[in-house]
Structures are given as C-alpha cells and as structure tokens.
Amino acid sequence: MLLLALLAVAAILLIGWPLLHAAGAADVVPEPTAAADQLVHLREERDQALEALRDLELDRRTGKIADEDFAVLDVELRARAAAAIEALERRE
C-alpha cells in the first residue's frame, strides 16, 4: 500500500512539475521579428516556385500543356525561383 502511495505522489510530482517551477528565459518563445518573417516569406516563395516548376514539367510530360506555353511559363517560374533563392542567400 505504501508503495502505491509513493508511486502516486511521484506521478503527481512528475506531471505537475511544469506547473510548479518558474518559467525561465529558455521557456519563452521570442517574438517574431520582421527579418524572421521575411525569411519565412522568401522560403515559401522559393518552395512554391520550385513546386510549380515540378508540376509544370509533369504537365508537359503528360501532354496537358503545349510546348510553347511550357517554354513561357518555365522561364517565368525559373526567374521567380532564382530571385527567391538569391534573396535567401543574401540574408542567410
């Protein structure tokens, strides 16, 4: 019986520990900065452009898009991806 009581107390302390100790600097999530937001935006732009390029290539291979249209869209998407990558490289 004593062992069961000790296990119950240990479980309560283990579960309640985060509520019992004071939050330190390591426990606080910092506020997002404009620079961090810009990095996230550039990464999303890069990922979206690369995904669009992959989808465009798949559409060309399956015959869903004409070669002339593919060429125009390919140049636009590659320029968009390259611009995002270059901007990321300057920031990182």
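Leu-20 is exposed in this predicted model, with a relative accessible area of 60%. The residue belongs to helix 1. Leu-20 is also one member of a nonpolar surface patch, together with Val-9, Leu-13, Trp-17 and Leu-19. The accessible area of these five residues together is about 600 Å².

The patch can be read alongside the burial of the helix. Helix 1 has 19 residues and the number buried is 1, so the helix lies largely in the open. Helix 1 covers residues 2–20 and has a kink of about 35 degrees at Leu-14. The proline Pro-18 follows shortly after that kink.

Next comes the loop between helix 1 and helix 2, where Ala-22 is placed. Ala-22 is exposed, at a relative accessible area of 65%. Along the chain, Ala-22 and Asp-37 are 15 residues apart, and 30 Å separates their C-alpha atoms.

**Salt bridges**

Across the whole structure, a search finds 5 salt bridges. The table lists some of them.

| Residue | Partner | Closest N and O atoms |
|---|---|---|
| Arg-80 | Glu-45 | 2.6 Å |
| Asp-47 | Arg-46 | 3.0 Å |
| Glu-57 | Arg-61 | 3.0 Å |

Arg-80 forms its salt bridge with Glu-45. Arg-80 lies in helix 3 (residues 67–91) and Glu-45 in helix 2, so this pair ties together parts that are 35 residues apart in sequence. With a relative accessibility of 31%, Arg-80 counts as partly exposed.

In the bridge between Asp-47 and Arg-46, each residue falls in the partly exposed class: Asp-47 has a relative accessibility of 40%, and Arg-46 has 25%.

Glu-57 and Arg-61 are 4 residues apart in helix 2, which means that about one helical turn separates them. Glu-57 is partly exposed, with a relative accessible area of 21%, whereas Arg-61 is exposed, at 66%. The bridge between Glu-57 and Arg-61 belongs to a wider arrangement, since a network of salt bridges links Glu-57, Arg-60 and Arg-61.

**Aromatic rings**

Arg-60, a member of that network, also has a contact with a ring: Arg-60 lies over the face of Phe-70, at 5.0 Å from the ring centre. That distance fits the cut-off for a charge over a ring, which asks for CZ of Arg within 6 Å of the ring centre. As for rings pairing with one another, a search of the whole structure finds 0 aromatic pairs.

**Helix 3 and a distant part of the chain**

Helix 3 also contains Glu-86. At a relative accessibility of 45%, Glu-86 counts as partly exposed. The class follows from the limits, because partly exposed lies between the 20% under which a residue is buried and the 50% over which a residue is exposed. Glu-86 and Leu-42 are 44 residues apart along the chain, and their C-alpha atoms are separated by 9.7 Å. For Ala-22 and Asp-37, by comparison, the figures are 15 residues along the chain and 30 Å between C-alpha atoms.

Definitions and conventions: Residues numbered from 1 in each chain as written. Predicted model: local features only at pLDDT ≥ 70, side-chain atom pairs only at ≥ 80, totals over all residues. Heavy atoms only, no water. Phe/Tyr/Trp six-rings, centres within 6.5 Å; stacked < 30°, edge-to-face > 60°. Lys NZ or Arg CZ within 6 Å of the ring centre and 35° of its normal. Bend = angle between axes of the 7 residues up to and from the residue. Helix = DSSP H or I, 4+ residues; strand = E, 2+ residues; numbered from the N terminus. Buried < 20%, exposed > 50% of the residue type's maximum accessible area, 1.4 Å probe, protein only. Patch = residues over 30% accessible without salt bridge, like charges linked within 9 Å, V, L, I, M, F, W, Y side chains within 5 Å. Areas by Shrake-Rupley, 256 points an atom, 1.4 Å probe, with all protein chains shown as cover. Salt bridge = Lys/Arg side-chain N within 4 Å of Asp/Glu carboxyl O.
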